[in-house]
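Grab a viewer and a pencil: here are a few exercises to work through on one chain. Try each task before you read its solution.

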Amino acid sequence: MKLKEIKNWIESLPEEFLEFEVVNVENGDLTEDGEYTYRLDKPVTGLDVDVDNKEILVMNDNSKK
């Protein structure tokens, strides 16, 4: 996904969404038939730019506290 796609999507959201939390979600199937799935929410804790690799980094903190 390109940053311009995210930018366009964000600009299309209603104003009231500006107070919503941003969460990185990992999801997948637990069974081959897709009957059972999982969702793992990870709060976004930082953003950065990797210029050398032309990547926008969306980060979450995995350290155990």
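**Exercise 1. The hairpin**

Find how many residues sit between strand 3 and strand 4 in their hairpin, and look at the backbone of the turn.

*Solution.* Keep in mind that this is a predicted model.

Step 1. Strand 3 and strand 4 make a hairpin with 4 residues between them.

Step 2. The two strands run antiparallel, and 5 bridges join them.

Step 3. Now check some partners across the pair. Val49 has Ile56 in strand 4 as its bridge partner, and Gly46 stands opposite Met59 in strand 4.

Step 4. In the turn, look at Lys54, which has a positive phi of about 55 degrees even though it is not a glycine. Lys54 belongs to the loop between strand 3 and strand 4. Its relative accessibility is 79%, so Lys54 counts as exposed.

**Exercise 2. The nonpolar patch**

Work out which element gives the most to the nonpolar patch on the surface.

*Solution.* Step 1. List the members: Met1, Leu3, Ile6, Trp9, Ile10, Leu47, Val49, Val51, Ile56 and Val58. Together they have about 1100 Å² of accessible area.

Step 2. Sort them by element. Helix 1 (3–12), strand 3 (46–50) and strand 4 (55–59) each supply at least two residues.

Step 3. Pick the top contributor: helix 1, with 4 residues.

Step 4. Test one member, Val49, which is found in strand 3. A patch member needs over 30% relative accessible area. Val49 has 52% relative accessibility, so it counts as exposed. Recall from the hairpin that Val49 has Ile56 as its bridge partner; both residues are on the patch list.

**Exercise 3. The salt bridges**

Find how many salt bridges a search of the whole structure gives, then go through them pair by pair.

*Solution.* Step 1. The search finds 3 salt bridges. As background, side chains of opposite charge can pair when their charged atoms come close.

Step 2. Begin with Lys7 and Glu11, whose closest N and O atoms are 2.8 Å apart. Both residues are in helix 1, and because they are 4 residues apart, about one helical turn separates them. Lys7 is partly exposed, at 48% relative accessible area, while Glu11 counts as exposed at 53%.

Step 3. Move on to Glu26 and Lys42, which meet in a salt bridge at 3.4 Å, N to O. Glu26 lies in strand 1 and Lys42 in strand 2, so this pair ties together parts that are 16 residues apart in sequence. Glu26 is partly exposed at 35% relative accessibility, and Lys42 is partly exposed at 23%.

Step 4. Finish with Asp41 and Arg39, where the closest N and O atoms are 2.7 Å apart. Asp41 is partly exposed with a relative accessible area of 39%, whereas Arg39 counts as exposed at 61%.

**Exercise 4. The negative patch**

Identify the residues that form the negative surface patch, then place Glu32 in the fold.

*Solution.* Step 1. The patch is formed by Asp29, Glu32, Asp33 and Glu35.

Step 2. Glu32 is in the loop between strand 1 (23–29) and strand 2 (37–43).

Step 3. Is Glu32 buried or exposed? The cut-off for exposed is over 50% relative accessible area. At 87% relative accessibility, Glu32 therefore counts as exposed.

**Exercise 5. One distance, one strand residue**

Find how far apart Tyr38 and Asn62 are in space, C-alpha to C-alpha.

*Solution.* Step 1. Locate Tyr38: this residue lies in strand 2.

Step 2. Check its cover. Tyr38 has a relative accessible area of 31%, so it is partly exposed.

Step 3. Take the distance. Tyr38 and Asn62 are 19 Å apart, C-alpha to C-alpha, with a separation of 24 residues in sequence.

Definitions and conventions: Residues are numbered from 1 along each chain as its sequence is written. This is a predicted model: local features need pLDDT of at least 70, side-chain atom pairs count only at pLDDT 80 or more; totals for chains, interfaces and linings use all residues. Side-chain values use heavy atoms; hydrogens and water are left out. Patches are made of residues with over 30% relative accessible area and no salt bridge: like charges are joined within 9 Å, nonpolar side chains (Val, Leu, Ile, Met, Phe, Trp, Tyr) within 5 Å. Accessible areas come from the Shrake-Rupley method with a 1.4 Å probe; for residues, only the protein chains shown count as cover. A salt bridge is a side-chain nitrogen of Lys or Arg within 4 Å of a carboxyl oxygen of Asp or Glu. Lys and Arg count as positive and Asp and Glu as negative; His and the chain ends are not counted. The place of a charge is taken as NZ of Lys, CZ of Arg, CG of Asp or CD of Glu. Buried means under 20% relative accessible area, exposed over 50%, partly exposed in between (1.4 Å probe, protein chains only). Two strands pair if DSSP finds at least two bridges between them.
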